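Reader: I would like to go through this model step by step, with the reasoning behind each answer spelled out. Could we begin with the terms and then move to particular places in the chain?

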Amino acid sequence: MAELFLAPLIQLLFDKVASGEFLNFARRYVGLGEKLNKWKHTLQGIRAVLDDADGKQHDVTTVKLWLDDLRDLAYDVEDILDEFATEALQRKLKEGDDDQARPSKVRKLIPTWLTGLTPSALKLNVRLVSKIEEISARFDDIVTRKDQLNLKEAADRGRSNRRRGTLEPTSLMTDANVYGREKDKEVLLQLLLGERRNDAQVSVIPILGMGGIGKTTLAQLLFNDKKVQSFFDLKAWACVSEDFDAVRVTKAVLKSVTFASRDENDLNLLQVELKEQLKGKKFLVVLDDLWNENYVDWTILRAPFLAGAPGSATVITTRNERVSSITRSLPEYRLEVLSKDACLSVFTQHALGASNFSAHPNLQEIGEKIVERCKGLPLAAKTLGGLLRTKKDRNEWVNVLKSKIWDIPEERSGIVPALMLSYHHLPSHLKRCFMYCSILPEDYKFEEHQLVLLWMAEGLIQPPEGDKQMEDLGSEYFHDLLSRSFFQQSSTEKFRYGKPQFVMHDLINDLAQRVAGDICFKMEDEIWGGNKIRLPKKVRHSSYLRGQFDFAKKFEPFFELKCLRTFLPLPCPSYCYLTQNVHIQLLPELKCLRALSLSGYCIVEVPNSIGDLKHLRYLDLSYTEIRGLPESTTTLYNLQTMILEGCSYLEQLPSNLGNLVNLRHLNILNATKLEGMPPQIGKLTHLQTLSNLIVGKGSCFSLRELGSLSHLRGTLLISQLENVTKPRDASDAKLIKKTDLTTLCLEWSVNIDDSQDRRSEFDVLCMLQPHNALYELTIKCYGGTKFPTWFGHSFLRMVLLRIENCKKCTSLPPVGQLPSLKQLFIRGMAIVENIGVEFYGNGSSQPFRSLEALYFEDMEKWEKWSPNGEFPHLRELSIANCPKLLGKLPNHFPSLGKVVIQGCQQLVVSISNFPERCRLQIGGSEGVMRENKVVFNSLNSKPFSTISEFKSPIKGLILEGLTHVEYLNIENCEELTPLWSNDVGLLQSLPRLRDLKICNYHKRNSLAEEVIEQPKQGMPSTSNGMESLLKEFMYNNTCLERIEIDGCDSLMHIAIGKLPPTLKQLCIRNCKNMRRITGNTSTPPY
């Protein structure tokens, strides 16, 4: 297994050692150039025999040991080469500083090698020389043993057939019963026999899924279905497999339709004959297990199929989404894992010869636990069931449960070769990336960006040629593994904070551990126990599950891992506490670390010794309680990623942060106490992520430094813009040239003194014009009176725009002209009084053509909305806290699905504006438009201006729409009589009411004198208003379960016996005139 990831590592080392830049630096050290040349030739010879060693390691123990030692040596060589590169970078930076401090003529007279002879440099040189000697001796030993093992150079480095000895599946069903695929079969039958039956084009339907998920079984079900047999004139089945051979596949299809063998190997003759056999006939061809990603090969293979009659089809099974994308004519059918019950049936069928445990109830509990390990993979269930087919002893079943599926010999397992084949088929660069994923726990949800940054830190993604960035190449790696079903999107939590979440199937996770061996190790809760844990000393990458309290004993095994590169605690739900032994004593010992996370721990400081971790590339201190970072952090010249998100106590960044010239990602999101940026941020020319650029007051940082950060991408927030004193600095920031930014937020502080002169803010905002391909833009607390001219028309791709708390602007910009805008948020525009043609865009023929969501909030002085065109695609409209808004809403919302109106007392809402099935939330009331009326399911008195006359801002309300109301809240109403009076009859329209709440009704005097002119049968003619209300429910409601009365001083007594028999709870509070409760002794709780 070592060759699988050694080959790319050896190639990487060879490239480094052979590079001219590296050799030039090595010449500074006497004798080093010679040794590196020798290493280069040694690596070349080793690389040539890796294939032979890989083939022999399973049978010859000494070969396996040789590969293990070679792997460890390769990692150590990579570390020492990294030290050389770091030393070279440090000298280059120092020389650059010296050049600025010393006259150039004098500088040229000093030999380069003399400038580095400081005591620390001499000490480093002595240490490196010692390491080089040790490495050279180990290389000599590796070469000697290679010769003794008689390892041969590979004549053919092509991929060998990894499935030797494994029978290829045929079209015949191997199982009498197939479980859990009924719906899948029906969907695919519809595609084969349904609407497309007369299509002129031959349809290609890929069935896509991970190895062992049942793609071939489903194809067999289709192939042997009676409807399929009667529909197609011809059927053919061919197993393509990983060794793509067009001649062999064409022969197989031809033999299926002619029932005659062919000795001919000329592809042209075979295809001509196959075309003639298929011509004008409706056929079904199944190509099972297709791996080839070459589009040209596919077009050649399919050429004879094009002669078929309309309705012909080709079904392909594949594990690779790329194969699916180049072959399909219809969307691929992605096969999912089996349900728990179906997987259990597969297992019991093969273990017990039955579909359940009825004959062996004593085995059911342990059998269900075994099936849980299969995670819905039918081939795994079949494999484990087959192991137990002749075993009925419970102890034997327990042994299978405790064992790993990888312990099953390949000759007795179908799942092990199936999954291993997927791994063998990976390109070499993906094998190392996948192997690294073995440190992720089972069911752990991860994000693409997080994993790519870790791959980068570990050197698994090499700098690509041309303009492509490592992050882009890493994203390609990730999606390649995703398309090959090594990753899958989480089914339990598809997104978290808008970011897709991914997982590995448990058996894929086991595969990663299998191929990683002892290079990667993850510590999980169950292995801590009370005994001391011994880890393999050669472990390079390790993760562990955090506990709420992580004490020193937990980390004792790590002190022996001197070569550790990854120290990765994985999340736990709450804040965690960490022993000081880790960051004070342990971390200084782990000098090879490249990725370090202490995220989520309640630590308050980072030790100075962190500067000794010269290899460090990834540092995650997010959600800790640190107040600052030591200056030594700025000597981590290899650092690529620094995550300080959620460090709410962090007050400042190191002053020499500009020294981190390789820094690519700086995340300080929600570091709310940071007061500004350190100087020389402009030196971080590789920076891609800068979550928040804080323009501190009186700081040494100038906004113009942003100009040199040409690689910024994704989201950029620039805050405290009121501290920009020179508008020219905003121009020098060159936002318009940062074309990789997708989201931009420009933010001034909230609490700026009103007396402050803010006239320059208009000029600053003008100069901060972003590029026109921006997707999202936010402007907050801008103090100008108008917006720049670039605001409304230049952003052709913008989909989201927020304008918030710009309290001195008198009008809105012409955003109706933005052709792609889908979401628009307008909030806190304190002095805007009118929204009219300027909002839609002067001369715009079709404003807001793409808008789907429109939100207005906290518009204190907004009085008039003058419509100028329709909103053809608007799905959601929200208007909140706009107390002076008069008149009506625009008339035409053909696509509206949801309306929210809160705190708009003077706005008249006509239900004729809203389409069928539009959901309404007005005040605390909720309902749906049906047949030109609002069908409410909850009702609040707030949307009704004065309930006594039922003068409502909901124009066109029909009481029939209240028949579905289950919750009614009556709050601060002037009168209650109209709720049951005959001219309105609100309560008569609430037959399904279950919950009634009445709050803050104080009009006691008038209630005492209320008289109902025409009482209903059984109702008293005079009564207290509150009593009359409750009696009304007694006679008109048979569903009421709960009544709550709060702060109603008019209520003096209640007769429990007169309340509805369905009432379960009566709650009375803060009713100071309440005197007594009368009625039956069996009263509801209150």
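Author: Helices (H or I, at least four residues) and strands (E, at least two) are taken here as DSSP runs, and they are numbered from the N terminus. The model to which these terms are applied is a predicted one.

Reader: Where is Asn-670 found with respect to the strands, and is Asn-670 buried, partly exposed or exposed?

Author: The loop that holds Asn-670 runs between β18 (665–667) and β19 (689–694). Its phi is near 60°, a positive value in a residue other than glycine. Partly exposed covers the range between 20% and 50% relative accessible area. Because its relative accessible area is 47%, Asn-670 counts as partly exposed.

Reader: Phe-848 also has a positive phi in a residue other than glycine; is Phe-848 buried or exposed?

Author: Phe-848, with phi near 50°, is found in the loop between α26 (837–840) and β26 (853–857). A residue is called buried when its relative accessible area is under 20%. Since the relative accessibility of Phe-848 is 2%, this loop residue is buried.

Reader: How many helices and strands does the protein chain have, and what percentage of its residues is buried?

Author: The protein chain contains 28 helices and 40 strands. When contacts with a separation of 6 or more are considered, residues 24 or more positions apart account for 62% of them. Of the 1086 residues in the protein chain, the buried share is 52%.

Reader: In the open sheet of 5 strands, which strands stand at the edges?

Author: The order of this open sheet is β2-β3-β4-β1-β5, and its pairing is parallel. A strand with a single partner has one side left without a neighbour in the sheet, and therefore the edges are formed by β2 (234–241) and β5 (333–334).

Reader: How many bridges does β3 form with β4, and how many join β2 to β3?

Author: Strand β3 (residues 283–290) pairs with strand β4 (residues 313–318) in the parallel sense, and Val-285 has Thr-314 as its bridge partner in β4. On the β2 pairing, Lys-235 has Leu-284 of β3 as its bridge partner. Strand β3 is itself mostly covered, with 8 of its 8 residues buried. The β3–β4 pair has 4 bridges, and the number that join the parallel strands β2 and β3 is 7.

Reader: Why is helix α20 described as largely enclosed by the rest of the structure, and which of its residues are buried?

Author: Helix α20 spans residues 448–457, and 7 of its 10 residues are buried, so the helix is largely enclosed by the rest of the structure. Just after α20, Gly-459 takes a positive phi of about 75°. The buried residues of α20 are Leu-451, Val-452, Leu-453, Leu-454, Trp-455, Met-456 and Ala-457.

Reader: Which residues does Asp-506 contact beyond its neighbours within four places in sequence?

Author: Asp-506 lies in helix α22, which covers residues 506–516, and with a relative accessible area of 6% it is buried. Once neighbours within four places in sequence are left aside, the residues in contact with Asp-506 are Lys-375, Glu-442 and Asp-443.

Reader: What distance separates the C-alpha atoms of Ile-135 and Asp-76?

Author: Ile-135, a residue of helix α6 (residues 119–148), is buried, with a relative accessible area of 4%. Not counting residues up to four places away in sequence, Ile-135 touches Trp-39, Leu-73, Asp-76 and Val-77. Ile-135 and Asp-76 are 59 residues apart along the chain, yet their C-alpha atoms are separated by 7.9 Å.

Reader: Which members of the largest nonpolar core touch the most other members?

Author: Phe-856 is one of these members, and its contacts beyond four places in sequence include Leu-812, Phe-839, Trp-865 and Ile-879. A second, separate core has 124 residues, among them Leu-218, Phe-357, Phe-487 and Met-504. In the largest core, which has 143 residues, those that touch the most other members are Phe-567, Leu-703, Phe-856, Trp-865 and Ile-879.

Reader: How many cavities of 30 Å³ or more are found, and how much space lies in the largest cavity?

Author: A search of the whole structure finds 6 cavities of 30 Å³ or more. The lining of the largest cavity includes His-583, Leu-587, Val-606, Ser-609 and Leu-613, and its residues divide into 7 nonpolar, 2 polar and no charged. The space in the largest cavity is about 50 Å³.

Technical notes:
Residues are numbered from 1 along each chain as its sequence is written. This is a predicted model: local features need pLDDT of at least 70, side-chain atom pairs count only at pLDDT 80 or more; totals for chains, interfaces and linings use all residues. Side-chain values use heavy atoms; hydrogens and water are left out. On a 1 Å grid over the protein atoms alone, a cavity is a set of points where a 1.4 Å probe fits but cannot get out, and a pocket is an open set with protein on both sides within 12 Å along at least five of seven lines; lining residues have an atom within 4 Å of a point. Grid points are joined across faces, edges and corners, and a volume is the space filled by probe spheres set on the points. Ala, Val, Leu, Ile, Met, Phe, Trp, Tyr, Cys and Pro count as nonpolar, Asp, Glu, Lys and Arg as charged, and the others, Gly among them, as polar. Buried means under 20% relative accessible area, exposed over 50%, partly exposed in between (1.4 Å probe, protein chains only). Contact means heavy atoms within 4.5 Å. Two strands pair if DSSP finds at least two bridges between them. A nonpolar core is a set of buried Ala, Val, Leu, Ile, Met, Phe, Trp, Tyr and Cys residues joined through side-chain atoms within 4.5 Å.
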